[in-house]
Amino acid sequence: MSLALQTRPDFPILERRVNGRPLIYLDSAASSQKPRQVIEAVKLYYERSHANVHRSIHTLGEEATALLETARDSVKEFIGAEHREEIVFTRGTTDAINLVAQAVGRAFAPGDEVIVTEMEHHSNLIPWQILARDRSVKLKAVPIVAEGFLDLDAFDRLFTERTRLVALTHVSNVLGTINPVGKIVARCRRAGSLVLVDGAQAVPHLSVNVARLAPDFYVFSGHKMLGPTGIGVLYGRREVLEGLEPAWGGGEMIKEVWLDRAQWNELPWRFEPGTPPIAPAVGLGAAVEYLGKLGMERVLAHEQELTRLCLDRLGALEEVTLYGPRNPEIKGAVVAFNVKGWHPHDGAALLDQDGIAVRAGHHCAMPLMRKLGIVGTLRASFSVFNTPEEIEVLARSVANLKFQL
Ligand SMILES: Cc1ncc(COP(=O)(O)O)c(C=O)c1O
C-alpha cells in the first residue's frame, strides 16, 4: 500500500472541504497537519496526567514528568543522539537559534565572525544580526550559485581564523536544496569553529543522525514534523553544552540558589528555565514514534516521488518558472515556483478556490528573494499523506491560471 493510502485515514483534517472542494494540503513546510495519534496523545495527557513537572511528588506530577522525559528519549532515538542530556526542549527552531546565539555569543569578541548563507530563513539570520550589532561581530554570508547551491569555494574564502560559528540550513525552505552539511561540519570542526545546523526542513523528511553528522548544535520544530506547535528541539553536543553558560534564567534550570548567585542544574534542564511545553513535548514524542514506525527511508522515497512529479508537471507549463535544484534526489519536499502574470499572493488565492493550500510570499527569506530578483514565490510542499493525484490537480489548477488573467 502506498504511504499516502496508509496514512490518510490518520489525518482528520483531510476530511474537510475547502470552498466546496476536498482539501489538498500542500503547505506542510510552513506547518504540517497532525495525525490522530498525536492529537490523542495530547488529549490523553490533559485528560489523565496533567500537572507541573520535576517538582510535584504527587502521582500526576510524576506521571507528567515521566511523559515529558519519555518524549525526550523518543526524540533522542529519532535523531540518533548519543545522550539524552543533549536534547533541550525549546518553543521551536527560532527559539532554539536565539538561545544558542545568546549563550555562545556572550563569549564572542568584537571582530569575531559568524558565517551564514544567502538561503537562510530569517530565524537563522536575525538572531545573528542582533549578536553582530550587540557585540560588534562581523556577519558574512555564503553566496548561492546556479540552481541554488552553496558556493563552497566562497565559503572557504570567507572562513578565517576569526570565524567563531557557522550557521546554515540543512534543507532550504524555498529552494529545497539539501546542503552538504557533513562536509561543512567537518570543515568547521577541523578549524575549531562552532557550527549550528537548522534542521527545520530536514528532520520531517530525511533520516537525520546527529551523532554521525556531529554538529555542535542542530535545531528543529515539532509543528513541521506532524507534532504540535510550541515545541522545538535544540540538540547540543554534550561537551559543548557542558561548557556553556545558560542564556536565560528562572526556575528549573538551577540546583541551588542564593540571593546573589546560583548553581546551574544538570543538562539538559540547565537550558530549560520555567515550566516547559509539556503537552506539546508529549505530542512531539507521539509524532516521532509515528514517523519512526513509517520509516524515514520510506517517507523520503514517497516525498521524492511527489517532488519529481510536481517538478515534471509544473516544469512542463510554459508560464511557470521553477526555483531550486531540478533533481528531486538532492532536494527536500518543496517546489517553489512563479506563474507568469501572477503575483504569488493572487495565485495562491485562486488555487485556494480549488481547495489547494500552498504558501505564497517571501517565505521568511527576503535576502534570498532579493538575490533571485523576485518579490516572492508560490510554494508547494509535501508530507506523508499527499498523493500523486493531488499534484495532478495542482498542475491543472496552475495551468488554468493562464485563462484567468
Ligand atoms: C528552514 C527554517 N528555519 C527556521 C524556521 C522557523 O521555524 P519556527 O517558526 O517553527 O521557529 C522555518 C520555518 O518555516 C524554516 O523553514
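How many nonpolar, polar and charged residues does the shell around the ligand have? Keep that in mind while you load the model, which is predicted.

**Stop 1: the ligand.** Select the ligand and expand to its neighbours. The shell holds 13 residues. By class they are 2 nonpolar, 10 polar and 1 charged. For labels, pick the closest ones: G92, T94, N173, A200 and S221.

**Stop 2: the whole chain.** Zoom out and show the cartoon. The protein chain has 14 helices and 19 strands. Along the principal axes, its C-alpha atoms fill a box of roughly 70 × 55 × 30 Å. The radius of gyration is 22 Å, which agrees with the value near 22 Å for a compact globule of 405 residues. Colour by burial next. Of the 405 residues, 50% count as buried. A contact map is worth a look too. Take contacts between residues at least 6 apart in sequence: 70% of them join residues at least 24 apart.

**Stop 3: two domains.** Select 3–30 together with 296–404, and colour this domain 1. Give 39–293 another colour; this is domain 2. Domain 1 is therefore written as two segments in the assignment, and domain 2 as one. Place a centre on the C-alpha atoms of each domain: the two centres lie 28 Å apart.

**Stop 4: where the domains touch.** Stay with both colours. The contact takes 24 residues from domain 1 and 23 residues from domain 2. Now hide domain 2 and look at the side of domain 1 that touches it. Four elements each supply at least two residues there: α11 (296–315), β16 (334–339), α13 (366–372) and β19 (377–381). Select α11 for the largest share, 5 residues. Then colour this side of domain 1 by class. The count is 14 nonpolar, 4 polar and 6 charged.

**Stop 5: strand β4.** Bring domain 2 back and select residues 87–90, strand β4. Show side chains. Which residues point one way from β4, and which the other way? I87 and F89 take one direction, while V88 and T90 take the other. All four are buried.

**Stop 6: the partner strand.** Add residues 232–236, strand β12. β4 and β12 run antiparallel, and 4 bridges join them. To finish, centre on F89 and find its bridge partner in β12, V233.

Definitions and conventions. Residues numbered from 1 in each chain as written. Predicted model: local features only at pLDDT ≥ 70, side-chain atom pairs only at ≥ 80, totals over all residues. Contact = placed C-beta atoms within 7 Å. Nonpolar A, V, L, I, M, F, W, Y, C, P; charged D, E, K, R; others polar. Near = placed C-beta within 6 Å. Rg over C-alpha atoms; globule rule 2.2 N^0.38 Å. Buried ≥ 20, exposed ≤ 12 C-beta atoms within 10 Å, placed from the backbone. Pairing = 2+ DSSP bridges.
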